[in-house]
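Work through the exercises below with the sequence and the model open side by side, and try each task before reading its solution.

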Amino acid sequence: MNLSVDPALAAANTDLFGLAVYAAVALTVGVALLVLSELLGPRRRDPEKSTIYECGVPLFDSAREPFTIKFYLVAILFILFDIETVFLIPYAVVYEDLGIVGLFEMGVFLLVLAGGLVYCWRRGALEWD
Amino acid sequence: MGLESLFGGEGFLTTKINDLVNWARKSALWPMPFGTACCAIEMMATFSGRYDISRFGAEVVRFSPRQSDLLIVSGRISLKMMPVLQKIYRQMPEPKWVISMGACASCGGVFDTYTLIQGVDQFIPVDVYVPGCPPRPESLLDAVFEVQKIVQEERLDSGKHGR
Amino acid sequence: MAADPAPAIPAAPGDVAPPRHPARKALPSPLDLLVLGETVHAGQHAIFVRSPAQRPILEHLRRAQGFDFLKDVTAIDLLGRDEAERFQVIYIVHRLADGSTLRVHAWLPEEADSVPSVFDLWDSARWGERETHDMFGIVFAGNPDLRRFLMPEDYPAFPLLKDYPLTGRGERRQFPLVRPRGDEMVEEAPLPYPTSIGRGMHTPEYIEEVKRESKPKPG
């Protein structure tokens, strides 16, 4: 039995090869769409074509007004607790191997973050108004 | 810039590419529904399950002119609405086609009054008119087929869309 | 709506008066003297006053008799009919507690400046009066926001007046024709005919031609 692999095709066996193919296809599709639009797409100049869309009526006011910082706060809190969840998920995979010590360490991790949650709660960061 | 100059003159290849592009455009006409009145109800019926328009490619119904190529004017257009319609039409990118659905959009319908535009074709170019008050969904589907025929006959370098 | 012509003067003594609406019966006598007459049609009662007498009557109806829902404020233009005054401003008031409705018609001459607004009695009067102003040009003194409502802001006329033609005076042709020309979209003057469809189809000549040229049925 000849079990040796043809060296020219050895690259195709790696995982990275799939990734390279995927990247190449994505790049090709993106570039092809732009190029085809440029070659085949129609052109007609119209100054109104690039006006800002507001359901067909003239603009009421500028879009560049400052808006409340509550959105930023909600986003930051979400990120923090989402990362906590991201750490919990691999722990759920290996929790048998880590045993009681791992459980204790994870508990400490969760308690620290729960303390942070209580702080946010008491400071009113969870209130929308 | 044009297809002809790219391929050095008309030929088999440009015709085939023309046909391919037209087929792609007609098979995926994205409607922009401009429904103002009763015809809009029939248009909604055409878009939903029983008279499904997405069988013919017109599935992506987005209420954004920038993401559409078929404007369906369904309903009465009043004095206050006409500048809005014109602005929406002009904000659509090329290529674009317009269906004037129903009697009111085509000619004012039964309402010959001080406030209703007697036919949107006085102020925007219309490709297909659909008679009816309101037209049945089958009539609107027929209008979409007519637009598809128009799209199939277009030439990429005809100058109709500025190319 | 009442089909009976509205009496502008009180009925002569000896006439059989229509049954009175309980709200009218409950009007105190100084206000009752302002009422010119009352009609009933299909169970709907209407009392007639001369502007601005409707203001104290409406105040009484709102505050003392609990008519808490103003259904509409509108007007009628009676130009061309043989009436002493041109307009009637109509208030339709309703009591939600027992469902009784009463119409108050206020005769308004053409040369009157304005009509007192009732927006402080019912909030919905703001829009009813705005619409009446938009359609008839009647000014409601005291209404905080008397702009055009249904018509465009810069519309030059009041459409529901009887001397305004139904098809308008050309306002519906004021837009440019947006059409493609070469590789740009241009705005041009619209073409001279009103619409490409149905042009000339309402003329007697066209109807004659159709009758002449339609073939008789076979057999």
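**Exercise 1.** Find what backbone feature A:Gly124 shows just after helix 2 of chain A, and then describe the course of that helix.

*Solution.* Begin at the end of the helix: in this predicted model, A:Gly124 follows directly after helix 2 of chain A and takes a positive phi of about 85°. Next, turn to the helix itself, which runs over residues 70-123 and has 54 residues, and compare its ends: a straight helix would reach 80 Å at 1.5 Å a residue, yet the end C-alpha atoms are only 14 Å apart. Then look along helix 2 of chain A for a bend, and a kink of about 120° is found, centred on A:Leu98. Finally, consider its surroundings: helix 2 of chain A is hardly covered, with a count of zero buried residues among its 54.

**Exercise 2.** Determine how many residues of chain B are in contact with chain A, and which elements of chain B contribute.

*Solution.* The contact joins 19 residues of chain B to 12 residues of chain A. Two or more residues on the chain B side come from each of helix 1 (3-7) and helix 4 (82-91), and helix 4 gives the most, with six. Sorted by class, this side of chain B has 10 nonpolar, four polar and five charged residues.

**Exercise 3.** Repeat the analysis for the contact between chain B and chain C.

*Solution.* Here 26 residues of chain B and 23 residues of chain C take part. On the side of chain B, helix 4 and helix 5 (102-107) each supply at least two residues, and helix 4 gives the most, with five. The classes on this side are 12 nonpolar, 10 polar and four charged residues.

How values were computed. Residues numbered from 1 in each chain as written. Chains lettered and ligands numbered in written order. Predicted model: local features only at pLDDT ≥ 70, side-chain atom pairs only at ≥ 80, totals over all residues. Contact = placed C-beta atoms within 7 Å. Helix = DSSP H or I, 4+ residues; strand = E, 2+ residues; numbered from the N terminus. Nonpolar A, V, L, I, M, F, W, Y, C, P; charged D, E, K, R; others polar. Expected span 1.5 Å × (residues − 1). Bend = angle between axes of the 7 residues up to and from the residue. Buried ≥ 20, exposed ≤ 12 C-beta atoms within 10 Å, placed from the backbone.
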